[in-house]
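Work through these exercises with the model open. Try each task before you read its solution.

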Amino acid sequence: MVREEGWFERQAQAREEGRFVGIGFSCFSERTGYGSSAFAARKMLVVPGFDISDIRMDLDGTITVTSGTMNHGQSHETTMAQIVADTLKVDVERVKLHQGDTDRITYGFGTFASRSAVIGGSAVQLASRALGEDLAEIAAHLLETNVDNLELRDGAVRRRDEPEEGVTYEEIADVAYLQAHRLPKGSAPACTRPRPST
């Protein structure tokens, strides 16, 4: 870059004029990942150490997730959707992200210092895991097996011992929303239970 921008020529011209111009490089470390435990160890007074994410699955298997961080051109829509898709083993096209909507997200610290993927993405992953646990709990009841015998795969919850047996997310959502009598004892219908949030 120094060569392409002509700094060596400028340096030579300056010497002919009796001036000395140096060419140097410097590096700096920018504080990033605000809110992580590593950042908190620096004992700064204000370390926004959390963000909030809510997640919900609709009857058609579409997953809607919220984030308190905002996209400023960093492709958060893709990043957050991929986190959900990877965690729940679904196609990324089935995930919708809502960012920075104060009607949906009560608290959040927004986007700055590379915290969106570190903190916001972690909140999205934790919410996704909580939804996955709910799906597995209902599936275990429907498939008459233990949760430990189940895995999330290809938009369904499948038995490990008999992988051909499973229930799709749409089937689970149908039970959770419309067939409360088929839910595990003590479980509330999806429309009345609190949404996973972290």
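**Exercise 1.** What percentage of the 198 residues of the protein chain count as buried?

*Solution.* Start with the ground rules. The model is predicted, with local features needing pLDDT of at least 70 and side-chain atom pairs pLDDT 80 or more, while totals for chains, interfaces and linings use all residues. Residues are numbered from 1 along each chain as its sequence is written, and side-chain values use heavy atoms, without hydrogens or water. Buried means under 20% relative accessible area, exposed over 50%, and partly exposed in between (1.4 Å probe, protein chains only). By that cut-off, 39% of the 198 residues are buried.

**Exercise 2.** List the secondary structure of the protein chain in sequence order.

*Solution.* Count the elements: five helices and six strands. These are DSSP runs, numbered from the N terminus: helices are H or I with at least four residues, strands E with at least two. The order is α-α-β-β-α-β-α-β-β-β-α.

**Exercise 3.** Place strand S2 (residues 63-67) in its surroundings.

*Solution.* Take burial as step one. Five of the five residues of S2 are buried, so the strand is largely enclosed by the rest of the structure. Next, split its side chains: Ile63, Val65 and Ser67 point one way, and Thr64 and Thr66 point the other.

Now find the neighbours. Two strands pair if DSSP finds at least two bridges between them. S2 runs antiparallel to strand S1 (residues 55-57), joined by three bridges. Thr64 in S2 is the bridge partner of Arg56. Five residues lie between the strands of this hairpin, and Gly61 takes a positive phi near 90 degrees.

With strand S3 (residues 95-99), S2 pairs in the parallel sense over five bridges. Here Val65 has Leu97 as its bridge partner. The chain travels from S2 through helix H3 (residues 76-88) to S3, a right-handed β-α-β crossover. Right-handed means that, with the strands pointing away from the viewer, the path from the first strand over the helix to the second runs clockwise.

**Exercise 4.** Which strands are the edges of the sheet S4-S5-S6?

*Solution.* Begin with the layout: three strands make an open, antiparallel sheet in the order S4-S5-S6. Its edges are S4 (150-153) and S6 (166-168), each pairing on one side only. Then check one pairing. Strand S5 (residues 156-159) meets S6 over three bridges. Ala156 stands opposite Thr168 in S6.

**Exercise 5.** Where does the charged end of Arg10 sit?

*Solution.* Apply the test: NZ of Lys or CZ of Arg within 6 Å of the ring centre and within 35 degrees of the ring normal. Arg10 has its charged end over the ring of Trp7, 4.4 Å from the centre.
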